[in-house]
Amino acid sequence: MNGFTTLMRRELALSWGRGGGPLLALAFYLSIATLLPLAIGSEPGRLAAIAPGAAWIGLALASLLSLERLFERDYEDGALDLLALGPAPLELAAFAKCLAQWITTGAPLALLAPVAAIALGAAPSLAPVTFAAALIGGLGFSFCGGIGAALSLGARRGGVLIAVIVLPLFAPPVIFGGGAVAAYAAGLDWRTGLMLLGAYSLAMAALGPFAMAAACRNALS
Amino acid sequence: MIAALANPERFMRFSRWAAPLFGVIAVALGAVGLWLDFIAPPDYQQHYTVHIMFIHVPAAWMSLFVYGCLAGASFIGLVFRHSLADAAARAAAPLGAGFTFLALVTGSLWGKPTWGTWWVWDARLTSVLVLFLFYLGYLALQAAIDDEQRAARACAILALVGAINLPIVHFSVTWWNTLHQGSSVFRKGGPTMPPVYLEPLLILSLAYMAAFGALWLVRIRGEVWRKRANALALRAAG
């Protein structure tokens, strides 16, 4: 456990050095939320209908943003070699990286998600479920995205590549999270969506590190 | 069978006659299936558009079958580090993307006269579209990594991640929405389709499968030759 806390402290400390921590993703999210009414039209009725879904898809896109640096920096400066040689398994290092990514980027984005949804015209009563879905889904986004980040190590145009690899795999969390919020808005059973979202995120957190470690070893070989 | 073919020499000898054989089988079955399709009576509801089914349904089946082959080859390549399995995975991916694209396009052409719309966001359509996007991501990853062996291993990891994820995608999309008719061939109590349609459909499916076998073998042979040519070029240069 000691190794894990050390890894976590390192990742959390480094995350502020990685392009200003969550600021970049938050600014990106705000920009999407700003452009949306400009494209759709500002009539409240039309915007309100799509607000929860738009807030949710913006979240999925914004959580892609800082993934490129997740392994890339350690790969470039050789820290990933040291992590691979160290006593802690590479799977644990990958787990710590994604967990730190969730804490430093996913959680601030989850705080912003209800704000964006309400600004777009969603009912304020949707705020708690939007926040909960964004927080739980962020865990899945972070671990699923981490797989893409690890796979595209050493590839050309890594950032776009991550998006192309990972976005099709984001379909389940987007469906479950969007479904939970929509069901809550319609007064239906919203717990099923949230539970399925939680199941997806936990499964990704459990299985993702193995794929990431395998991809990192492949990139280092 | 697979263990015996793991030897590249033996594989090349086998595929030399197996690939054309599969091709001939594909053409023969395709001709018979299309003939049975043409003489089949028009459907009482769908009229002549039912003929699209014979192109569409086998392509949709193949899109999943090829993914199964891709994942299997990736698993063998990743676990046993076999270069021929890597070549097989590399050769299968564009074919799978092609079948998926064919299924999407014919489905869209079929949807217009029967549903009145080119595209609906229904569960099966959406999950096939996600499968197509996933194939594209796989091909993009393959193209973006220069080192061939490293690219093959990264792609193999991605293929296995996809093998776990695609059923979840399918389940989630089904949970989300459904309009596409259920399967009328694979269901409890036997197929509900009349034999006059079922027979050409199954024959054409076998034709598709044989065509895939032929193209796959040819592409794997191409991969093996390309590797040999690269090795020869390196030796000549150095």
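These are short notes on the fold of chain A and its contact with chain B, in a predicted model.

1. Secondary structure. Chain A is built from 10 helices and has zero strands. In sequence order the pattern reads α-α-α-α-α-α-α-α-α-α.

2. Overall dimensions. Chain A has a radius of gyration of 18 Å, and the globule rule gives 17 Å for 221 residues; the two values are close, so chain A is as compact as a globular protein of that length. Along the principal axes, its C-alpha atoms fill a box of roughly 55 × 35 × 30 Å.

3. Burial. Chain A has 221 residues, and 54% of them count as buried. Here, buried means that 20 or more other C-beta atoms lie within 10 Å of the residue's own.

4. Contacts within the chain. Take the contacts in chain A between residues at least 6 apart in sequence. Of these, 81% join residues at least 24 apart.

5. Contact with chain B. Chain A puts 24 residues into the contact, and chain B puts in 23 residues. Which helices of chain A each supply at least two residues of the side that touches chain B? They are α7 (127-151), α8 (158-166), α9 (171-185) and α10 (191-220). The most comes from α10(A), which gives seven residues to that side.

6. Chemistry of that side. How many residues of each class does chain A have on the side that touches chain B? The count is 18 nonpolar, four polar and two charged residues.

Conventions
Residues numbered from 1 in each chain as written. Chains lettered and ligands numbered in written order. Predicted model: local features only at pLDDT ≥ 70, side-chain atom pairs only at ≥ 80, totals over all residues. Helix = DSSP H or I, 4+ residues; strand = E, 2+ residues; numbered from the N terminus. Rg over C-alpha atoms; globule rule 2.2 N^0.38 Å. Buried ≥ 20, exposed ≤ 12 C-beta atoms within 10 Å, placed from the backbone. Contact = placed C-beta atoms within 7 Å. Nonpolar A, V, L, I, M, F, W, Y, C, P; charged D, E, K, R; others polar.
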